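Biologist: I should like to learn how to read the contact between two domains. May we work through an example together?

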Amino acid sequence: MPKIENKEQRPVFRGKNTGMLRVLGSEENPGKGLLSIGNYMALDHSRGAAVYLDALKPHAILICGKRGYGKSYTMGCLLEELAFLEPAIKKRLASVVIDTMGIFWTMKHPNAFEARKLKNWELTPAGIDIEIFVPVGKIEAYRKRNIDVKPFSIPISELSGSQWCRIFSIEEVSPPGILLVRAIESLREKGEAYSFEEILSEIARDPRSDEASKGAAENYFRAVNSWGLFSKEGTKLSDLISGGRTTILDVSTLENENVCAAAVSIIAGRLYEARLEARRAYEKKLMGEKTDEEEFPMVWLFIDEAHIFIPAKTEGLASKVLINRCLRQGRQPGLSLILATQRPASLHPDVVSQSDLLICHRLTASDDILALETSRPLYMQENIQAYIKKMGSERGAALIVDDHSESVHLVRIRPRISWHGGGEPSAFEPHTKEKSNKNDVQLQK
């Protein structure tokens, strides 16, 4: 392992890339902005040289694996590493997590549960500085559980009439759908923000719709209002994102998948536009133009359960933004997209083919393995299933396919420094540190 600096309690890269220490995701990394993700796993499962991931350039990363084998855990490791980057680089990056399971709030706390394991890796448990945002209507529920959160909302005017029909699962050509589209587009033409009350007023005074359609449309929007996600003005992007910050957008309380997808579509679209503008400003700066404008940071956007938002056989509300903008074009303006799923077969095939890094934990379903095999690059000497067999059933073991260097690696992901909230619960009471030490002594005797 590389030398450990007590200040950060994490592996720190020294010197340039060598055969003994590999940097994935870049052939040109100067030895800065490196994320320590683990070590090579030898055929006898012993620990080999350290493996790092480049963070200086944007990436499209797919993390997959069956439940319980490290998918969300690996996302957490990447978030930790981004939070521990050297200050000069960290301030130019921002991490954003779309948390569909409500599991990333625990990262504020140190991983005392795996203290022994961390010690073997020369690491120390530590919480990381994160900011958790939840829909404004759900804020009190979190605070009652003593979870420190902030409210966020999405401007109502961001959604078109067609998108509202998708959320409500109604046909655009049905009487309520026609009314809804007409009312929303009428308000959007004014170019101003509007509230749910203004939508209801617009519906009520529509002269071409019957009372039954008006009643149905009103009920839909009254239900939306109770979700507590949308508001007239919405939360500014600058309030959510800034350089050196890790932001958790917890949408786990939103039971409607279409609502989650709409939120992801809007947030991802706004991040992409912000980075496009920042990229233009950066190019002008390189040309010698002076500006006092603060640059919007390069963003690492993490999305768990990605198959919900980019399904394989249908077009979800977030599909166009995530595929056409973030996945295919996002790296050019400086937007990294990290998607995780336990069902690659349920994910749009473009995600596999467009990702420059694949991190694959254990898979056993044949259709999931086939989904990855379909886009297997020619430089892989063996098929995906053969590599998965080499990994065995060890949790945390991963196959990493790096398109930059056109290479394949078997890696053991390092243990989490912060508390992992995505583990499966057990009926057996977990040992406290004191109990564990006592039991260890008894076993030694």
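**Reading a domain interface**

Modeller: Between domain 1 and domain 2 there are 4 residue pairs in polar contact, with both residues of each pair at pLDDT 80 or more. Please keep in mind that this is a predicted model.

Biologist: Which helix gives the most to the side of domain 1 that touches domain 2?

Modeller: That is helix H10, residues 257–286, with 7 residues. By residue class, this side of domain 1 comprises 8 nonpolar, 5 polar and 3 charged residues.

Biologist: Where do the bounds of the two domains fall in the protein chain?

Modeller: The domain assignment gives domain 1 as 25–150 + 243–282 + 300–413, and domain 2 as 154–231. Their C-alpha centres are 35 Å apart. In the contact itself, 16 residues of domain 1 meet 12 residues of domain 2.

Biologist: How is the size of such an interface expressed?

Modeller: The size is often given as the accessible area that is lost when the parts come together. Here, domain 1 and domain 2 bury about 1200 Å² between them, and carbon and sulfur atoms give 66% of that area. Val259, Ile266 and Leu317 supply 38% of what domain 1 buries against domain 2, more than any other three residues.

Biologist: How may one check the length of H10 against its number of residues?

Modeller: At 1.5 Å a residue, its 30 residues should span 44 Å; the end C-alpha atoms are 43 Å apart, so the two values agree. At the start of H10, a side-chain oxygen of Asn256 comes to within 2.8 Å of the backbone nitrogen of Asn258. After H10 comes Gly288, which has a positive phi, near 105 degrees.

Biologist: How many salt bridges does the structure hold, and how many cross the interface of domain 1 and domain 2?

Modeller: Side chains of opposite charge can pair when their charged atoms come close. The structure holds 27 salt bridges, but 0 are found across the interface of domain 1 and domain 2. One salt bridge joins the side chains of Glu305 and Lys71, at 3.6 Å from N to O. This pair links distant parts of the chain, 234 residues apart: Glu305 is in the loop between strand S13 (298–303) and helix H11 (319–327), and Lys71 is in helix H1 (residues 71–83).

Notes:
Residues numbered from 1 in each chain as written. Predicted model: local features only at pLDDT ≥ 70, side-chain atom pairs only at ≥ 80, totals over all residues. Heavy atoms only, no water. Domains from an automatic or database assignment. Contact = heavy atoms within 4.5 Å. Buried area = accessible area lost by both parts, 1.4 Å probe. Salt bridge = Lys/Arg side-chain N within 4 Å of Asp/Glu carboxyl O. Polar contact = N/O pair within 3.5 Å; in protein donor to acceptor, adjacent residues only side chain to side chain. Helix = DSSP H or I, 4+ residues; strand = E, 2+ residues; numbered from the N terminus. Nonpolar A, V, L, I, M, F, W, Y, C, P; charged D, E, K, R; others polar. Expected span 1.5 Å × (residues − 1).
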